[in-house]
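Here's a quick briefing to read with the model open beside you. It goes through the hairpin, the sheet, the helices and the salt bridges in turn.

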Amino acid sequence: MAKGGFPRGGMPMGGNMNQMLKQAKKMQEQMMKMQEEMEEKVYEASSGGGAVTVKMNGKRELEEVILKPDVVDPDDIEMLQDLIMVAVNDVLHKVEETSADEMSKLTGGINIPGLF
């Protein structure tokens, strides 16, 4: 064999490749478990000093919208629409932020495109 060729075993990294595959499988299992746990969580956000509250699960499905009666003014529907929009956007950001934080813990801060 010429200088600089592959070490015994014929493959670069030899046994390290098996170890890397085991680690990748373990990480994949951890990611699946984390994703299942995240999907079960319920996130909450409110707007208008609690006049509008929304709840969303980790699958990004809206589960509940709670309106305090005094926020429902037939002469000011636009305000109610704005409060709902703000609350929904806030809870969506919470879900995404938590998902990114959990993924970062799992990957050691390495950003892997397409995971979440």
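β2 and β3 make a hairpin, with four residues between the two strands. In that turn, arginine 60 has a positive phi of about 65 degrees. Keep in mind that this is a predicted model.

**The hairpin strands**
- Strand β2 covers residues 52–57 and runs antiparallel to β3, with five bridges joining the two.
- Looking across the pair, you'll find valine 54 opposite valine 65 of β3.
- Lysine 55 of β2 has its own partner across the way: it stands opposite glutamate 64 in β3.

**The sheet as a whole**
- Zooming out, the hairpin belongs to an open sheet of three strands, ordered β1-β2-β3, with antiparallel pairing.
- β1 (42–47) and β3 (62–67) are the edge strands, so to speak the outer rails, since each pairs on one side only.
- From one strand to the next, the twist averages 15 degrees.
- Helix α2 packs on this sheet and touches β1, β2 and β3.
- The direction of α2 makes about 145 degrees with that of β1.

**The two helices**
- α2 (residues 77–107) also meets helix α1 (residues 16–40): their axes come within 11 Å and cross at roughly 160 degrees.
- Angles over 145 degrees count as roughly antiparallel, and α1 and α2 are therefore roughly antiparallel to each other.
- The crossing of α1 past α2 is right-handed.
- On the α1 side, the contact is made by Met27, Gln30, Met31, Met34 and Met38.
- α2 brings Val95, Thr98, Ser99, Glu102, Met103, Leu106 and Thr107 to that contact.
- Sort the residues of this α1–α2 contact by character and you get seven nonpolar, four polar and one charged.

**Salt bridges**
- The structure holds three salt bridges.
- One of them pairs lysine 55 with glutamate 44, and their closest N and O atoms are 3.9 Å apart.
- This pair links distant parts of the chain: lysine 55 sits in strand β2 and glutamate 44 in strand β1, eleven residues apart.
- Lysine 55 is worth a second look, then: it stands opposite glutamate 64 in β3 and forms a salt bridge with glutamate 44.

Methods
Residues numbered from 1 in each chain as written. Predicted model: local features only at pLDDT ≥ 70, side-chain atom pairs only at ≥ 80, totals over all residues. Heavy atoms only, no water. Axes fitted to C-alpha atoms, helices over the stretch in contact; angles between N-to-C directions. Parallel < 35°, antiparallel > 145°, perpendicular 65-115°, else oblique. Left-handed = near helix turned anticlockwise from the far one by under 90°. Contact = heavy atoms within 4.5 Å. Nonpolar A, V, L, I, M, F, W, Y, C, P; charged D, E, K, R; others polar. Salt bridge = Lys/Arg side-chain N within 4 Å of Asp/Glu carboxyl O.
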